[in-house]
Amino acid sequence: MLNHGINTYKDDSGYVTVKSAACGIPIFFGAWPCHTAKGFMGKPQLVNGFAEAKELGGYSDEWRTENGDPKWTLCQAMYSHFRLFGVSPAIFYNVFDPAKHKTDVPAADVNVVDHTVVLPPEAFDNDKLVVKTTGEGGAALAKGTDYDVFYTATDCRIELIKGGSEYNATTLNIAYEKANPEAITAEDIEAAVEKVEMCRSTVGIVPDLLCAPGWSSNPVVAAVMDAKAENIEGLYKAKAVVDLDTSAEGANTVEKVKAYKDENGYTSENMIVCWPMVKKGGYLFDLSTIVCGLIASLDSDNGNCPFESPSNKSIDISGAVLKDGTEISLSYPQADTISYADGVVTVIHHDEWTLWGNYTGCWPELQDVAKHFICTNRTQDWICNTFVNLYRKYTDRPLTRILIDAIVNHFNIWLNGLTAEGKLCGGEIQYIGDNNPDRDLLKGKFRLDTKAASPVPAEQINMHIEYSVDMLTEALSA
């Protein structure tokens, strides 16, 4: 296959100033109530804080429907990322299109209280909003003259204007369209995941975490995320942070986790698989959003390098729950079963709540240190992404030894710096003649071989104690 440009490949392991690739930046796929804000964009949007996210997409606490299905899931993501973790930036892809996902509400008489009509927050302020006087042949009111429309945190309000024709009305006849986010399908989310390819051209950043809260518990959605994480634009590598279904039809007990994970294909090295859900006060979160926030925070603290595992790091939650809100408590043996035997990231409480689990979805079936640890796998992704970002500009320059040496020397300086900082145990890139036959060089292709080792997590710290009779007798005979 012809791959014009620059390419990187992660081989199986055998036991100038370099600018690093952005690290720990998620893209969240889902819906937010954009009809209350700037509206539907149809593209990835880079956001640097909660206020900016609210201005772009609006905000609602209704992250789920009454039966627990996803609703305004991007609001969950923005709350977690910006308020719980205080990290930025993040990329949001909204699939809710007011022109598509809507329902007509027929005209009906409604009461006016204090010159105001309160409609549900799903109501659209558009040309289908018709406000009339009540009774047969009611007269239409004029927006801006007789009334104005605005949104609060909980509703849509029609406020009568003093001096308008119906300022003292007690009832009005109103018809409107309303948002129907329940019409969003898994296929809509899958199509959005494919649009991650737009990120470089639209926001200038390629995310390395893909997250679809409320939706990735659908195995088909998770599979699409996995496939896209492996290869973005044919150049970049990422991780799909996904959730297992915690409903009665999914894995609602510890004993069901491994079987559900395996049977539904959550077994990729490109997946960080999460179970169960968690809560903070009255809010229920998909664990994937928490994991993205923690990873982003940890990477930032480490100079945008993913060499440290997110496991055993504190998280600001108040409990572990299932989809229906049932609170669950995990013992250490149970958490170890989920994290070690099942290869799933979970949570545990001991003095404080912490994330628990070092493994990607491929564990325990695939035991390759470069792939099964989250931190080593992400570090290899990061090294590859950094190489692409730095040297893609060298594509189509004259293939000379000067070009090869420039890349090798510069990248080795960077790898040596990471080693000196303790972020790598060692790293080296080199040009090996035997791996570059004439037939490839004549086609303008050459290969560089890199070896790098990043630290593995200290997963077991063992101390053995022995009772010393000698110490006892010596103390008694003193």
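# Exercises on a predicted model

Strand β6 and strand β9 (residues 171-179) pair in the antiparallel sense over three bridges. The model is predicted, so local features are restricted to pLDDT of at least 70 and side-chain atom pairs to pLDDT 80 or more, whereas totals for chains, interfaces and linings use all residues. Residues are numbered from 1 along each chain as its sequence is written, and side-chain values use heavy atoms, with hydrogens and water left out.

## Exercise 1. The sheet around β9

Task: Determine which order the strands of the open sheet of three strands have, and which are the edge strands.

Solution.
- Step 1. Helices (H or I, at least four residues) and strands (E, at least two) are DSSP runs, numbered from the N terminus. Two strands pair if DSSP finds at least two bridges between them.
- Step 2. The order in the open sheet is β4-β9-β6, with antiparallel pairing.
- Step 3. β4 (102-111) and β6 are the edge strands, as each pairs on one side only.
- Step 4. On average, neighbouring strands of this sheet are turned by 10° against each other, direction ignored. Axes are lines fitted to C-alpha atoms, for helices over the stretch in contact, and angles run from 0 to 180 degrees between N-to-C directions.
- Step 5. At residue level, Lys132 has Asn173 of β9 as its bridge partner.

## Exercise 2. The hairpin and the loop before it

Task: State how many residues lie between β7 and β8 in their hairpin, and whether Leu141 is buried or exposed.

Solution.
- Step 1. β7 pairs with strand β8 (residues 156-160) in the antiparallel sense over five bridges; in β8, Glu159 is the bridge partner of Asp148.
- Step 2. The hairpin of β7 and β8 has four residues between the two strands.
- Step 3. Leu141 lies in the loop between β6 (130-132) and β7 (147-151).
- Step 4. With a relative accessible area of 9%, Leu141 is buried. Buried means under 20% relative accessible area, exposed over 50%, and partly exposed in between (1.4 Å probe, protein chains only).
- Step 5. Leaving aside neighbours within four places in sequence, the contacts of Leu141 (heavy atoms within 4.5 Å) include Val131, Lys132, Tyr147, Leu160 and Leu172. Ser165 is also among them; the C-alpha atoms of Leu141 and Ser165 are separated by 7.7 Å, although the residues are 24 apart along the chain.

## Exercise 3. A helix pair

Task: Classify the crossing of α10 and α11 by angle and by handedness.

Solution.
- Step 1. The axes of helix α10 (residues 374-391) and helix α11 (residues 401-420) come within 12 Å and cross at roughly 140°.
- Step 2. α10 is therefore oblique to α11. Angles under 35 degrees count as roughly parallel, over 145 as roughly antiparallel, 65 to 115 as roughly perpendicular and the rest as oblique.
- Step 3. The crossing of α10 and α11 is right-handed: the near helix is turned clockwise from the far one by less than a right angle.

## Exercise 4. Backbone exceptions

Task: Identify where Asp114 is placed and what phi Asp114 has.

Solution.
- Step 1. Asp114 is in the loop between β4 and β5 (116-119).
- Step 2. Phi of Asp114 is near 55°, a positive value in a residue other than glycine.
- Step 3. Asp114 is exposed, with a relative accessible area of 68%.
- Step 4. In the loop between β4 and β5, His115 is also found; His115 has a positive phi of about 65° and counts as partly exposed at 26% relative accessibility.
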